Amino acid sequence: MSLASLSGGIFVLWLMVRFSPVSPPASVWPLAARRRIFTVLIAASVLGTLSVILFFLLQIGHINQSGLTGMFDSMMITLVAKTNVGYGVGLKLLGFIVAGLAVVTTRKAILRTGGFTHVPAGLIAGGLLSATLFSVSFAVVGHVAGLSALAHVAIALHVAAIGLWLGALYPLHTLCRNTPDAGSTEGTGGVALQRLMHVFGQFGWGITGVLILAGVYLVTQVFVDSGTFFGSIYGRLLTVKILLVCCLLALAAMNKFRLVGVLQSAGAARLRRSIAGEMALAFVVLLLTAVMTTFTGPAHLM
């Protein structure tokens, strides 16, 4: 969730400025909304850093099998740090630190009362670098680590697409709630919000396309036949996950083809509720993914 929040939040900030119909963008994107997005970015950086450290220590404790004290075995920490698990943790940790520093150092520009005229280059560079580190970290650890180089690229693209899509939901929900004149045909807030949602929908075609293609390819690499797919716990959980993602895609399609088009006349309330539904489904998908990658996996297919 922290990873997605950082990638998606920075992406939405860029869209807010790059595709704003008026200048300066701060005139239509209220300070309250930008503060909420900034708070989420900071919280994601801190919680992500802590969760990665906790994950690593739990791995140490699991190996030692000696209670809480086993989590802080310096010799074991050194050994595990040199494995793929250690490399993956290091990449994620570096990604959260880079993103956090980028957000903190660009705070004044994001929350500037007089005008939100641009997204600082430091924030864009930090966001791209952290997203790359996050994506690569998933390729060096887990059941994909033993697959081909193309599978490594596929999981990296899959993770990047997840971050851009699911991480953008809360910022978009915040803008629907805080942008003034969202339901007025005369207010610039409604025009800007409609344009932003339209542009996000256009990017969404590419994002979801990458997500689906990479996901399908990874499934074909993990499962050798349909019997293995439906006959394993991992396969059945993955089936549920795919169904939930299909529901997410259906909600996203309804937003793009129905609710965004009537945004100025009908107001943002219906769109906001629909995005809230997407957020709830996204949370379930991420939770299910955590269960799959922690308690099951290809090793359980045999």
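Which residues have the most contacts inside the largest nonpolar core? Select Leu13, Met16, Leu123, Leu172 and Leu175: these have the most contacts inside that core, which has 72 residues. A nonpolar core here is a set of buried Ala, Val, Leu, Ile, Met, Phe, Trp, Tyr and Cys residues joined through side-chain atoms within 4.5 Å. Next, select helix H9 (residues 188-222), which gives this core its largest share, eleven residues.

Before going on, note that this is a predicted model, in which local features need pLDDT of at least 70, side-chain atom pairs count only at pLDDT 80 or more, and totals for chains, interfaces and linings use all residues. Residues are numbered from 1 along each chain as its sequence is written, and side-chain values use heavy atoms, with hydrogens and water left out.

**The whole chain**

Show the protein as a cartoon. There are 13 helices and zero strands, with helices (H or I, at least four residues) and strands (E, at least two) taken as DSSP runs numbered from the N terminus. Read along the sequence, the pattern is α-α-α-α-α-α-α-α-α-α-α-α-α. The protein has 302 residues, of which 45% count as buried. Buried means under 20% relative accessible area, exposed over 50%, and partly exposed in between (1.4 Å probe, protein chains only).

Switch to a surface view. About 14600 Å² is exposed, and carbon and sulfur atoms supply 70% of it; accessible areas come from the Shrake-Rupley method with a 1.4 Å probe, and for residues only the protein chains shown count as cover. Among contacts (heavy atoms within 4.5 Å) between residues at least 6 apart in sequence, 76% join residues at least 24 apart.

**Helix H6**

Select helix H6, residues 121-139, and find Ser137 in it. Ser137 is buried, with a relative accessible area of 0%. Leaving aside neighbours within four places in sequence, Ser137 is in contact with Gly88, Leu91 and Lys92.

Ile124 lies in helix H6 too. Is Ile124 buried or partly exposed? Ile124 counts as partly exposed because its relative accessible area is 25%. Beyond its neighbours within four places in sequence, Ile124 touches Trp14 and Val119. Now measure from the C-alpha of Ile124 to that of Ala99: the two residues are 25 apart in sequence and 9.5 Å apart in space.

**Helix H7**

Go to helix H7 (residues 149-166) and select His158. His158 is buried, at a relative accessible area of 15%. Which residues does His158 contact, once its neighbours within four places in sequence are left aside? They are Leu211, Ala214, Gly215 and Leu218. For a distance, take the C-alpha atoms of His158 and Ile212, which are 8.0 Å apart across 54 residues of sequence.

**Helices H9 and H11**

In helix H9, select Gly204. Gly204 is buried, with a relative accessible area of 16%. Its C-alpha is separated by 9.7 Å from that of Ala253, 49 residues away along the chain.

Move to helix H11 (residues 233-259) and pick Lys256. Lys256 counts as partly exposed because its relative accessibility is 25%. Apart from neighbours within four places in sequence, Lys256 is in contact with His198, Gly201, Gln202 and Trp205. The C-alpha atoms of Lys256 and Met197 are separated by 7.6 Å, with their positions 59 residues apart along the chain.

**The cysteines**

How many disulfides are there? The count is zero, a disulfide being a pair of cysteine sulfur atoms within 2.5 Å. Select Cys246: the nearest cysteine sulfur is that of Cys247, 7.1 Å away. For Cys247, in turn, the nearest cysteine sulfur is that of Cys246. Cys246 counts as partly exposed at 43% relative accessibility, and Cys247 counts as partly exposed at 38%.

**A nonpolar patch on the surface**

Last, select Met1, Phe283, Val284, Leu287, Val291 and Phe295, which make a nonpolar surface patch of about 610 Å². Patches are made of residues with over 30% relative accessible area and no salt bridge, where like charges are joined within 9 Å and nonpolar side chains (Val, Leu, Ile, Met, Phe, Trp, Tyr) within 5 Å. A salt bridge is a side-chain nitrogen of Lys or Arg within 4 Å of a carboxyl oxygen of Asp or Glu. Phe283, one of the patch residues, is found in helix H13 (residues 269-295). Phe283 is partly exposed, with a relative accessible area of 44%.
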